[in-house]
Every structure is written in C-alpha cells, then in structure tokens.
Amino acid sequence: IIVAELTVTSGPISQVGCAITCSFVAACISSRELRRNGPPDKIRVVIHPQSIVHGFVEFVDGSAIAQLSKPDMALAVQYALTAPERLPGVVEPLDLTALGRLEFIEPDMELFPVLSYAYEALEGGWWEPVALNAINETLVGAFLRGEISFGTLLKLVCDCFEKRSKAAGGSGFSTDEPERLDDILKAHSVFRDFALSALDGH
C-alpha cells in the first residue's frame, strides 16, 4: 500500500508533484523495487489527507503496524542519516488527541490521471518510469518559474507521457536493458528535452 500524503512538508517539486500525483508515481516505482520487481497490480495507492501515517508493515495474520508522525520530511531525512539510531526529533511529538481522525481514500483515476501512468510505466520498459520522472521534473520546474499554469502543467505531463514512444523512437538511445548508469542518464536527458520542446507556445 502506498500512502499518498497530500500535506507533508517537502521540497517544492515534490509538493507540486503530489498535487498532480507524480510523487505517488515515484512511490509506486520505489515500492516495486523494494518488492524485487513484484507485479504492479500488487501495489495499491490510498490517499491520506492528514499525512500522519507514513507507512505500514502488514503481517500474514492480517494485523499491521503503522509509523505515525507530523507531516515533515525532516524526520525521514534525519533517520536516513542516523539509522539505526533514533536521535531527538527535529519535529514536535505527535498529539494523538488533537488528530481527530485519520482518513484513507481510494484515488479517483479521472481526478488524478497521472496516477494511471504509474501503472503503465511499471508495465512497460525500464525507460518508461525514467521518462515520466524526467517529464515531471522538467514541467514542474517550468510551473515553479511561472512559465505555465497548473492546468497547463497537468495537460503537458499527460500529453508528453502519452507520446513517449514517439520521443524514444527518434532519440537514438537504446530501449534494451541498460548496462551502465550513462544509459539511464541518456534516457532522462532525452525526455527532459522532449518536455522542454512541449513548452514552446505555452
């Protein structure tokens, strides 16, 4: 289960990505890698508006353990630097009585069309998640610079990803399994340039 947190404090590209669900796409891809390339249909996304539950561990007996904290990526970064030690937190302790309730909502694929592309990318070649990531990063950057509106951002992300095969075909990079990091960086560069070209006229 991917817990899609809409209010977590993170970087600007990640926050805008959450709004169009590209950050959830990245979470889907990461989840599959953690599951050693498990099938995409085993990955489920739920939207959690309060952004308090950051992960679940589910056991075979049907029970689950959840990690809860205030929505701030500083805590995750701190633990990444200090693991397995847990140091005094950079966020305030969680006040359970102030939470009120925790909600988990099935995403509407029509409202979040980019999310469906995550599953398409995972079903496709290795370069397709790279394409979606490069397209998202490039176009969100344009949005943050004030070059396009939010509505145009969403439209361009969808349009560019739907035309990914055409972009790959005329790019010169190989869609065979990558042998080196340079192969992946080349693909990223191709789709970044493709997204930049889509900005013309907007």
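Two strands pair if DSSP finds at least two bridges between them. Keep that in mind as you work through this predicted model.

**Exercise 1. Find how many bridges join strand S3 to strand S4, and look at the hairpin they form.**

Step 1: Locate the strands. S3 covers residues 53-58 and S4 covers residues 64-68.

Step 2: Count the bridges. Five bridges join S3 to S4, and the two strands run antiparallel. One example is Val53, whose bridge partner in S4 is Leu68.

Step 3: Look at the turn. The hairpin has five residues between its strands, and Gly62 takes a positive phi near 95°.

**Exercise 2. Decide whether Glu128 is buried or exposed, then describe its surroundings.**

Step 1: Place the residue. Glu128 is found in helix H6, residues 127-144.

Step 2: Apply the cut-off. Buried means under 20% relative accessible area. Glu128 has 10% relative accessibility, so Glu128 counts as buried.

Step 3: Check for polar partners. A polar atom of the Glu128 side chain lies 2.8 Å from the backbone nitrogen of Gly125.

Step 4: List contacts. Leaving out residues up to four places away in sequence, Glu128 touches Glu120, Ala121, Phe161 and Arg164.

**Exercise 3. Work out which element gives the largest share of the largest nonpolar core.**

Step 1: Start with the core itself. Among its 28 residues, Trp127, Ile135, Leu139, Phe173 and Phe191 touch the most other members.

Step 2: Find the contributors. Helices H5, H6, H7, H8 and H9 each give two or more residues to this core.

Step 3: Pick the winner. H6 supplies the largest share, nine residues.

Step 4: Look elsewhere, too. A second, separate core has seven residues, including Ile43 and Phe112.

Note on methods. Residues numbered from 1 in each chain as written. Predicted model: local features only at pLDDT ≥ 70, side-chain atom pairs only at ≥ 80, totals over all residues. Heavy atoms only, no water. Helix = DSSP H or I, 4+ residues; strand = E, 2+ residues; numbered from the N terminus. Buried < 20%, exposed > 50% of the residue type's maximum accessible area, 1.4 Å probe, protein only. Polar contact = N/O pair within 3.5 Å; in protein donor to acceptor, adjacent residues only side chain to side chain. Contact = heavy atoms within 4.5 Å. Core = buried A, V, L, I, M, F, W, Y, C linked by side-chain atoms within 4.5 Å.
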